[in-house]
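Biologist: I would like a close look at one part of this model, with the terms explained as you go.

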Amino acid sequence: MTATQGRPAAGDGTNGDLAAESRGAGEGPAGRSDTVAGVVGQWRVVRPELDTGPMEIVGRVNRCAALLQQTESAPLRRAGLSRPEFDLLGALMRTGHELTPGELARETFSSGAAVTKRLKVLTERGLVERRGDTRDRRVSHLRLTDAGRDLVDAVMPEQLAYEGAVLSPLDDERQNELADLLGELLSRLEGHLRTRQP
């Protein structure tokens with residue numbers, strides 16, 4: 001994603017839906033006025049001894065993720081796809097070969113049960129097809145159908161343009177800084193979680 005992709009046209013409402021979410025939020029620390037700042041401010045009144053710093057970061061990451069998926073103008077939503085469903089389609093597209101459900105789970109950082117549920121929906125929509133393994137009947141191989149490939153081809157540029165428009169209030173330098181910080185946090189979290197897995 002870059003700051004130059006997908007600038008919103010005047011009056012298209014792309015950023016309006018997201019901006020409306022923050023109106024009326026209480027002002028919190030450092031003059032911030034988003035919804036999380038309001039929540040943090042309330043906690044500081046009720047439990048002033050608590051360090052709410054982590055909430056200011058994790059809460060905002062979670063809130064941003066939720067808003068990006070819920071906004072009506074999001075291309076994935078218009079296509080009738082959840083982000084996890086699109087991640088499955090994207091994994092099949094970007095790897096360029098068939099994947100088993102277990103491989104898909106690893107590629108998308110999902111549980112096996114979640115992948116099975118999403119695959120059922122995508123198969124019923126005719127976006128994914130399943131092929132049995134000739135040597136092991138318990139194993140299946142998954143690939144995109146022509147309709148699935150066409151959908152990913154159509155939605156991916158729109159989704160990137162949408163995400164670029166959402167990020168456009170931040171200049172390139174701020175976006176790169178944010179990407180670096182989130183990348184560092186993600187790397188540390190992934191490493192921490194891997195060491196705790198049996």
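Is Asp34 buried, partly exposed or exposed, and what is its relative accessible area?

Modeller: This is a predicted model, in which local features need pLDDT of at least 70 and side-chain atom pairs count only at pLDDT 80 or more, while totals for chains, interfaces and linings use all residues. Residues are numbered from 1 along each chain as its sequence is written, and side-chain values use heavy atoms, with hydrogens and water left out. Asp34 is partly exposed, because its relative accessible area is 22%, where buried means under 20%, exposed means over 50% and partly exposed lies in between, with a 1.4 Å probe and protein chains only. Asp34 forms a salt bridge with Arg60, and their closest N and O atoms are 3.0 Å apart; the term stands for a side-chain nitrogen of Lys or Arg within 4 Å of a carboxyl oxygen of Asp or Glu. This pair links distant parts of the chain, 26 residues apart, since Asp34 sits in the loop between helix H1 (14–22) and helix H2 (35–46), whereas Arg60 belongs to helix H3 (residues 53–70); helices here are DSSP runs of H or I with at least four residues, numbered from the N terminus. Arg60, unlike its partner, is buried, with a relative accessible area of 17%. Salt bridges that share partners also join Asp34 and Arg60 with Arg44 and Glu56 into one network, and a search of the whole structure finds 14 salt bridges.

Methods:
Helices (H or I, at least four residues) and strands (E, at least two) are DSSP runs, numbered from the N terminus.
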